[in-house]
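Biologist: Could you take me through this model, one question at a time, and show the reasoning behind each answer?

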Amino acid sequence: MKEIEIRYFLILFISLGFLFSFQADALSADVLIIANKNTPVSSINKRELRKIFLGKIVQWNNGAPIHFAILENSDVHRRFLRTYILKSKSQYDNWWHRMLFAGKGYPPKKFETPEALIKYLAETDGAIGYCDENTFSENIKIIEVK
Amino acid sequence: MGSMKKILAFILSTLCLLAAESVWAEMNDVNINGFVSQGFLKSDNNNYLCKSEDGSFEFNEIGINFTTQLSSSLRMGCQFFARDLGDVGNDDVLLDWAFADYRFHNMVGLRVGKLKLTHGLYNETRDVDALRTSILLPRGIYMEDMREVFMTIKGFGVYGELPGEISYQMGYGIPEISEDSYMAQRILEFVQLSFQRENVDFINTDIGTVLETQANYMSNAGLQWDSPLEGLRFATSFISFDIDILLGFGFEIPLDFKVKQGAVFSGEYTFGDTIVTVEYSVLDYKYGTLGFCVDEKWISYYVGLSHRFSKLFELGAYYAETYPDHSDKNGDRFAVIGLPRHMAWEKDSCLSFRYDINSHWIVKLEGHIIDGSGIADQSEHPEDLVRHFSLFAAKASFRF
């Protein structure tokens with residue numbers, strides 16, 4: 001294939017790509033970090049929170065295991081990732097695929113609804129997750145993020 | 001197709017049909033993930049990675065891994081993998097990695113088995129096309145020649161998180177290298193060229209085989225630091241290994257091949273949907289036999305940029321330079337034996353486009369403008385290599 005043909009093909013490919021470009025991603029409303037009531041922390045800093053959800057740290061300071069959970073395919077998930085993990089959804093998914101294909105780490109528990117996630121947190125010692133402020137429940141506690 | 005290939009193909013076909021919309025498939029607390037990629041390579045001059053001048057579909061990968069958490073601290077997993085890239089792989093199914101992982105503490109974990117090596121930012125997942133923008137990683141750092149040795153180590157490793165936002169991992173054991181591996185064949189080519197340069201007349205450099213290989217040791221270490229600037233991280237990795245190779249040139253010639261120090265220094269900055277990456281690699285290697293010794297440094301570096309425009313579309317580019325012998329960037333050692341000077345370098349400009357059809361299917365197109373034949377196939381008629389050439393790559397991938 002001649003070089004000029006390759007260039008025309010690539011230009012066409014780029015042009016088609018731009019037809020489907022640009023997706024607005026609204027970021028608004030608060031995301032609450034929530035945990036099981038027996039979790040041995042009431043506050044956490046952003047970097048520690050990020051390490052938890054990236055699978056880098058797996059134990060609380062008292063040695064108890066950390067269980068972390070996410071809400072898949074939701075607006076609150078995207079807001080949580082942008083605000084606290086500093087990744088887009090595709091970057092976060094990619095991160096966990098890298099961890100799994102390299103044999104490192106175990107992925108988060110995934111839930112489709114906030115109610116299911118909150119039920120899991122309430123029943124699992126050391127579990128941490130998030131929700132938006134409209135779905136908070138008295139069965140779990142809020143973790144302050146410093 | 002061998003029986004192992006048939007079994008793997010059947011398993012993957014079944015799992016692809018069962019794959020849900022979620023990113024990972026789970027079955028009875030065993031995490032199962034896999035990928036299949038099929039690509040095409042075409043160059044206008046010089047064969048590159050395969051018989052690319054004629055266009056080649058000998059460019060695919062297939063893999064499946066299984067991971068399970070046996071307790072809060074103990075995890076086990078393994079990955080089977082097969083690839084084809086020109087004469088390399090030929091879809092032979094290998095055990096890619098398999099180990100037990102016990103995490104004593106956030107700061108210390110132990111892995112035992114066949115482990116992935118850390119080398120630069122992308123070595124551990126270099127075979128999984130779906131995890132990056134480009135089809136081909138910069139080959140000066142992620143070398144196809146030494147791929148078998150740079151992928152895994154059989155032994156043990158420790159890892160963990162340290163104060164100061166530092167992650168570390170270290171490993172010790174032996175590498176994998178067989179007589180018919182691509183790396184063994186490339187070492188044979190290095191030696192044949194060396195004999196020609198050194199005018200070793202009593203050896204017929206037109207013949208040569210690898211009779212035996214013996215891996216002696218390998219050590220590996222990696223450090224990563226997340227800087228106070230959000231999204232900016234730095235990493236460094238080191239590798240060292242020693243291999244004994246017995247070559248045949250009508251008579252046996254023992255060769256000691258040693259990588260004294262293979263270091264990669266990396267920086268990555270992520271802001272929004274944009275990632276900027278810079279990596280610099282020095283591979284200090286040495287081999288010798290019959291009273292002569294070659295001691296060279298392989299230098300490579302690149303800068304890359306990628307941006308995700310939408311859920312569907314991602315664009316990436318990188319510029320890479322590679323010098324297989326940093327003391328001879330002009331190719332003097334090739335000129336004295338009548339070979340093209342441009343065998344001493346490669347300068348590669350790459351542009352990549354990625355379409356995510358959905359969360360499982362990905363299609364990529366990529367173009368390379370290359371100056372120099374330093375990494376092109378030098379095994380057949382190197383005197384005919386062309387300095388400036390282009391490479392087109394296309395690939396479709398499925399992951400679950």
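Biologist: In which loop does Asn46(B) lie, and is Asn46(B) buried or exposed?

Modeller: This is a predicted model, and in it Asn46(B) has a phi near 65°, a positive value in a residue other than glycine. The residue belongs to the loop between β2 (30-43) and β3 (59-69) of chain B. Its relative accessibility is 4%, and because buried means under 20%, the answer for Asn46(B) is buried.

Biologist: What is the phi of Leu49(B), and what relative accessibility does Leu49(B) have?

Modeller: Leu49(B) also lies in the loop between β2 and β3 of chain B, and its phi is positive, near 75°, although the residue is not glycine. With the cut-off for buried set at under 20%, Leu49(B) counts as buried, since its relative accessibility is 18%.

Biologist: Which residue has a side chain joined by a polar contact to that of Gln79(B)?

Modeller: Gln79(B) is placed in strand β4 (residues 74-85) of chain B, and it counts as buried because its relative accessibility is 2%. Leaving out residues up to four places away in sequence, what Gln79(B) touches includes Phe101(A), Phe35(B), Ile64(B) and Trp97(B). The polar contact between side chains, at 2.8 Å, is made with Asn65(B).

Biologist: How many of the residues of α4(A) are buried?

Modeller: Helix α4 of chain A covers residues 89-101 and reaches 18 Å from its first C-alpha to its last, close to the 18 Å expected at 1.5 Å a residue. Its buried residues include Tyr92(A), Trp95(A), Trp96(A) and Phe101(A), and after the helix comes Gly103(A), with a positive phi near 80°. The helix is largely enclosed by the rest of the structure, because the number of its 13 residues that are buried is eleven.

Biologist: Against which elements do the buried residues of α3(A) pack, and which residue just after α3(A) takes a positive phi?

Modeller: The buried residues of helix α3 (residues 75-85) of chain A are Val76(A), His77(A), Arg79(A), Phe80(A), Leu81(A), Tyr84(A) and Ile85(A). They pack against β1 (31-35), α2 (46-53), β3 (67-71), α4, β5 (127-132) and β6 (141-145) of chain A. Just after the helix, a positive phi of about 60° is taken by Leu86(A).

Biologist: How are α2(A) and α3(A) oriented to each other?

Modeller: The two helices pack with their axes 9 Å apart and at an angle of about 125°. The contact is made by Lys46(A), Leu49(A), Arg50(A) and Phe53(A) on the side of α2(A), and by Phe80(A), Thr83(A), Tyr84(A) and Ile85(A) on the side of α3(A). Given that angle, α2(A) and α3(A) are therefore oblique.

Biologist: Which residue has a side-chain oxygen that reaches the backbone nitrogen of Arg47(A) at the start of α2(A)?

Modeller: Six of the eight residues of α2(A) are buried, so this helix is largely enclosed by the rest of the structure; among them are Leu49(A), Ile52(A) and Phe53(A). Just after the helix, Gly55(A) takes a positive phi of about 75°. At the helix start, the oxygen that comes to within 3.1 Å of the backbone nitrogen of Arg47(A) belongs to Asn45(A).

Biologist: What percentage of the residues in chain A is buried?

Modeller: Chain A has five helices and six strands, in the order α-β-β-α-β-α-α-β-α-β-β along the sequence. Among its contacts with a separation of 6 or more, 73% are between residues 24 or more positions apart. Of its 146 residues, the buried share is 52%.

Terms used: Residues are numbered from 1 along each chain as its sequence is written. Chains are lettered from A and ligands numbered from 1 in the order in which they are written. This is a predicted model: local features need pLDDT of at least 70, side-chain atom pairs count only at pLDDT 80 or more; totals for chains, interfaces and linings use all residues. Side-chain values use heavy atoms; hydrogens and water are left out. Helices (H or I, at least four residues) and strands (E, at least two) are DSSP runs, numbered from the N terminus. The expected span of a helix is 1.5 Å times one less than its number of residues. Buried means under 20% relative accessible area, exposed over 50%, partly exposed in between (1.4 Å probe, protein chains only). Contact means heavy atoms within 4.5 Å. A polar contact is a pair of N or O atoms within 3.5 Å; within protein, one must be able to donate a hydrogen and the other to accept it, and residues adjacent in sequence count only if both atoms are side-chain atoms. Axes are lines fitted to C-alpha atoms, for helices over the stretch in contact, and angles run from 0 to 180 degrees between N-to-C directions. Angles under 35 degrees count as roughly parallel, over 145 as roughly antiparallel, 65 to 115 as roughly perpendicular and the rest as oblique.
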